[in-house]
Amino acid sequence: MDFNLTKEQQELKQWARDFAQEKFSAKAYTWVKNGEVPWENAKILAEHGLMGMTLPVEDGGQGMPLIDAMIVMEEVAKVCPNTADMLQVGNFGAIRQLAAYGSKSLKARVLPSILAGEKLISVAMSEPNAGSATTDLRTRARIEGDKVIINGSKVFNTHGPHNSYYVVWVRFGEGVKTSGAVLVERDAPGFRLGKTETHMSGEEHCALYFEDCEVPAENILVPEDGFRKLFTFFNIERLGNTARSLALAQSAFDMAVKHAKEREQFGRPLAEFQGIQWKIAEMKMKLDAGRLLLYRAATNADKGTPSPLETAIAKAYVNTTAFEVAHEAVQIFGGYGYSTEYPL
């Protein structure tokens, strides 16, 4: 049992850190304020082989271990959270479900533009009445000849207004075992986007409406028993989320430590006050614990797909820790922590 990164992983981490600083720092934290999607950064990621890191080589990916992709995700997210959104799309999200279950011809048609950083894809899972309880899906699909007809609606879809493709979780019948997934393209007949909604983070979502929406039968990814099959790869998306949360917490911690060393009160730096030292020590402890949980889940996943238990533990702990660490960082910054002029 070794709790250290290999020499190659340490070199990858340093390269990713330098790469992110060089390519993404100048416009970091400006994308949301300007209401923009960092398409130019998605293309930079693609040009350097960072879109599709975790995908099989035969699907146009790099075939890299999941832990390596996590290392890159952390370094990119620490510099520019919105560019990390693009990295998530190309490695951890719906793209993995498409690569695992899509037909050869469907993947050949859809994957290249995503891996080139030109188009986005997301999972359409949550519903207005069922929430994220995928055992209670209300969206229905039926096969008619060479077409699939879909009726229902979805909410809380990452990059909703900007996606070109949606992996829509549906039911083909009444029982839970009839659940599956269909790839829906933005211009599909009977498919429309709802009003764009902006969330607290600045992320934009929109409802998706399917009214006798027609897509080719070839677009079916999973025709049955989808709950088990889809969550197998959805756990990879959860680990991507976890890596981003950890990175944002680490950034908040680093900013707070730097501020505590530089900011003086009553004639001495904040870092010399015991109350501040306690905060920083506890923040560091939580970050280290979260990183170990994340790396455990990612490393073990290289023997197959992630353990649902290890993934759930890592995600629950790190998401909570990220909020707590960021909150303490705001307290250390004082009034400046509440200013939108600061990245914190």
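Helices and strands here are DSSP runs, at least four residues for a helix and at least two for a strand, numbered from the N terminus. On that footing, the protein chain of this predicted model has nine helices and ten strands. Its radius of gyration is 21 Å, close to the 20 Å that the globule rule gives for 344 residues, so the chain is as compact as a globular protein of that length. Laid along the principal axes, the C-alpha atoms fill a box of roughly 80 × 45 × 35 Å. Some 51% of the 344 residues count as buried. The accessible surface adds up to about 16,300 Å², and carbon and sulfur atoms own 53% of that. As for how the chain folds back on itself, take the contacts with a separation of 6 or more: 70% of them involve residues 24 or more positions apart.

Now for the strands. E1 covers residues 121-124 and pairs with E4 (residues 165-171) in the parallel sense, over four bridges. Within this pairing, isoleucine 121 has tyrosine 165 of E4 as its bridge partner. The side chains of E1 split between two directions, with Ile121 and Val123 pointing one way and Ser122 and Ala124 the other, yet all of them are buried.

E2 (residues 140-144) and E3 (residues 147-154) run antiparallel and are joined by five bridges. Alanine 141 is matched with isoleucine 150 of E3 in one bridge. The two strands make a hairpin with two residues between them, and glycine 145 in the turn takes a positive phi of about 65°. E3 also pairs with E7 (residues 204-216), again in the antiparallel sense, this time over seven bridges. Here glycine 152 sits opposite phenylalanine 210 of E7.

What holds the middle of the model together, in terms of nonpolar packing? In soluble globular proteins, nonpolar side chains tend to be buried together. The largest nonpolar core counts 84 residues, and Phe24, Ile121 and Trp169 have the most contacts inside it. Helix H7 (residues 226-262) supplies the largest share of this core, 15 residues. A second, separate core has 17 residues, among them Ala141, Tyr166, Val168 and Cys206. Back in the largest core, isoleucine 121 earns a closer look: leaving aside neighbours within four places in sequence, its contacts are Val89, Ala94, Ile95, Leu98, Ile114, Asn163, Tyr165, Val167 and Leu183.Helix H2 (residues 39-47) also has its buried side: Asn41, Ala42, Ile44, Leu45 and Ala46 are buried. The cover over these residues includes helix H1 (7-24), H4 and helix H6 (104-115). After H2 comes glycine 49, with a positive phi near 70°.

Positive phi values also turn up away from glycine. Most residues other than glycine have a negative phi. Histidine 159, with phi near 55°, has a positive value. This histidine lies in the loop between E3 and E4, and with a relative accessibility of 8% histidine 159 counts as buried, because the cut-off for buried is under 20%. Aspartate 212 has a positive phi too, near 50°, but its place is in strand E7. At a relative accessible area of 46%, aspartate 212 is partly exposed.

Histidine 159 comes up again with aspartate 85, a residue of helix H4 (residues 81-91). Not counting residues up to four places away in sequence, aspartate 85 touches His159 and Arg244. Is aspartate 85 buried or exposed? With a relative accessible area of 12%, this aspartate is buried.

That leaves the cysteines. A disulfide is a covalent bond between the sulfur atoms of two cysteines. A search of the whole structure turns up zero disulfides. Why does cysteine 213 have no bond to cysteine 206? The cysteine 206 sulfur is the closest cysteine sulfur to that of cysteine 213, but the two are 14 Å apart, too far for a bond. Cysteine 213 is buried, at a relative accessible area of 0%. Cysteine 80 likewise counts as buried, with 0% relative accessibility.

Definitions and conventions: Residues are numbered from 1 along each chain as its sequence is written. Side-chain values use heavy atoms; hydrogens and water are left out. Buried means under 20% relative accessible area, exposed over 50%, partly exposed in between (1.4 Å probe, protein chains only). Two strands pair if DSSP finds at least two bridges between them. A nonpolar core is a set of buried Ala, Val, Leu, Ile, Met, Phe, Trp, Tyr and Cys residues joined through side-chain atoms within 4.5 Å. Contact means heavy atoms within 4.5 Å. The radius of gyration is taken over C-alpha atoms; the globule rule is 2.2 Å times the number of residues to the power 0.38. Accessible areas come from the Shrake-Rupley method with a 1.4 Å probe; for residues, only the protein chains shown count as cover. A disulfide is a pair of cysteine sulfur atoms within 2.5 Å.
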